[in-house]
Amino acid sequence: RSLIRREGERYTVHAAIAERYRDGLADPAGARRRVATAFAELARQLEGMSGKERTLRGYRTADSERPNLAFAVREAAASGDEQAAWPLVRLLRGYLDVRGWARAGLDLFQEVEGLLPPRTDPELRAWVGETIALYKLQLEDLVGASERIAGALALLKPLGPTKTAGLALNTFGMILATQGEWQEALRTFERSAAVREQIGDSVGAAQARGNLAIVLLQMNRHPQALSALRAALVNYRKVQHYTGVALTQLHIASLGRESGLLTLEERNEQARAALELAESIGYAQVARDAAGELATGLEEARQFADAQEMLERALEWAQTGEDEAQRREYLERIQRVSQKRQALTEELAHRN
């Protein structure tokens, strides 16, 4: 900061710094490529972290460098630098998903797709297409998601088993499940797990089998789903896939409520564990939903003050996302619980 001075809308640097970089800035295209290369290397380092380290520390680095990472992936795509593009698209897909920024992710990856040269590696193009399908699914554009995943799978078919193919099959399974095509979704998740196991991707295989458990939950096969979710929890912990752990704990809590297979205490225990883990790694959607699920349990226990506190935490996480309807829902729930809390206070005062 001591070397930079602001003058109106412009910034100037110390003369020695300006002289040092004068030659480099004489070639703006070269300067942009060097910046893109530097942030591609950062993305490679963050992607190379263990699952826990990446979600706890790596994504917080990505938070502070998000505009630079977005610039870098656009520049890498436009220049056809696939070596720089790969670590950037891998990092940004998972990072934007965990943070709950589907709209921003869709806009960025659609822009990247438009910048890619015609002769781009089919697998890279398929990764971008799969990511677009994922965000379209999250934004409830099922037709668009289906079209994009079909295109990605067509590009991948001649390439054989790859990490991208396993991921695309997983997303295809999620789309099928959302459409209510349960049996086909189950078969697709099995195919995804098989591809991932074949290439040694134990984390991906755990993810596919975890999603298979979620389909059983959606099919209302509650005892089978609970058993599958508990097995998925073990697998996620074994491979240190902490977003999977948090999501599965949330699903166990909600299944326990819907089916009556768990006691209120067991449900609240799972929801609280999901909330604490999701908050620690910045998993916005699960943090929001786990706080809401825990609030439901606390409300059933007539612990209205604690339920209101949980709903306020859920609202904080909802405000980091892009869904205005979710924010309104939590505001309404807070108001209803506040009224119940006031009524209980008046009832106790009347009894005394």
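1. In this note a residue is called buried when its relative accessible area is under 20%, exposed when that area is over 50%, and partly exposed in between. With Arg267 at 7% relative accessibility, the residue falls under the cut-off and therefore counts as buried. The model under review is a predicted one, and the points below should be read with that in mind.

2. The salt bridge in which Arg267 takes part is a good place to start. Its partner is Glu300, and the closest N and O atoms of the two side chains are 2.9 Å apart. Glu300 belongs to helix H14 and Arg267 to helix H13 (residues 264–281), so this contact ties together parts that are 33 residues apart in sequence. The two ends of the pair stand in contrasting surroundings, since Glu300, at 45% relative accessibility, counts as partly exposed, whereas Arg267, at 7%, counts as buried.

3. Helix H14 also supplies a residue to another pair, in which Glu293 forms a salt bridge with Arg257, with 2.7 Å between the closest N and O atoms. This pair, too, links distant parts of the chain, for Glu293 sits in helix H14 and Arg257 in helix H12, 36 residues apart. Here the acidic partner is the buried one, Glu293 having a relative accessible area of 8%, while Arg257 is partly exposed because its relative accessible area is 33%.

4. Towards the N terminus, the side chains of Arg99 and Asp63 meet in a salt bridge with an N to O distance of 3.0 Å. The pair links distant parts of the chain, with Arg99 in helix H4 and Asp63 in helix H3, 36 residues apart. Arg99 is at 7% relative accessibility and therefore counts as buried, whereas Asp63, with a relative accessible area of 31%, is partly exposed.

5. These contacts belong to a wider set, as a search of the whole structure finds 21 salt bridges. Among the residues involved, Glu190, Glu197 and Arg209 are linked with one another in a network of salt bridges. As a general matter, side chains of opposite charge can pair when their charged atoms come close.

6. The loop between helix H3 (51–79) and helix H4 (82–99) holds Gly80, which counts as partly exposed because its relative accessibility is 34%. Between Gly80 and Arg119 there are 8.9 Å in space, taken from C-alpha to C-alpha, although the two are 39 residues apart in sequence.

7. Two loop residues deserve a look at their backbone angles, given that most residues other than glycine have a negative phi. Gln240, in the loop between helix H11 (222–238) and helix H12 (242–259), has a positive phi near 60 degrees. Arg302, in the loop between helix H14 (284–300) and helix H15 (304–318), likewise has a positive phi, near 60 degrees. Both side chains fall in the middle class of accessibility: Gln240 counts as partly exposed at 36% relative accessibility, and Arg302 counts as partly exposed at 45%.

8. At the start of the chain, strand S1 (residues 4–7) and strand S2 (residues 10–13) pair in the antiparallel sense over four bridges. Within this pairing, Arg5 has Thr12 of S2 as its bridge partner. The hairpin of S1 and S2 has two residues between the strands, and in it Gly8 takes a positive phi near 70 degrees.

9. The hairpin region also contributes to a nonpolar surface patch of about 390 Å², which is made by Leu3, Ile4, Tyr11 and Val13. Of these residues, Val13 lies in strand S2 and, because its relative accessibility is 39%, counts as partly exposed.

10. A patch of another kind, one of negative charge, is found on the surface where Glu140, Glu322, Asp323, Glu329 and Glu332 gather. Glu329 lies in helix H16 (residues 324–351), and at 36% relative accessibility it counts as partly exposed. That value also lies over the 30% relative accessible area that a residue must exceed to be placed in a patch.

Note on methods
Residues numbered from 1 in each chain as written. Predicted model: local features only at pLDDT ≥ 70, side-chain atom pairs only at ≥ 80, totals over all residues. Heavy atoms only, no water. Patch = residues over 30% accessible without salt bridge, like charges linked within 9 Å, V, L, I, M, F, W, Y side chains within 5 Å. Areas by Shrake-Rupley, 256 points an atom, 1.4 Å probe, with all protein chains shown as cover. Salt bridge = Lys/Arg side-chain N within 4 Å of Asp/Glu carboxyl O. Lys, Arg positive; Asp, Glu negative; His and termini not counted. Charge placed at Lys NZ, Arg CZ, Asp CG, Glu CD. Buried < 20%, exposed > 50% of the residue type's maximum accessible area, 1.4 Å probe, protein only. Pairing = 2+ DSSP bridges.
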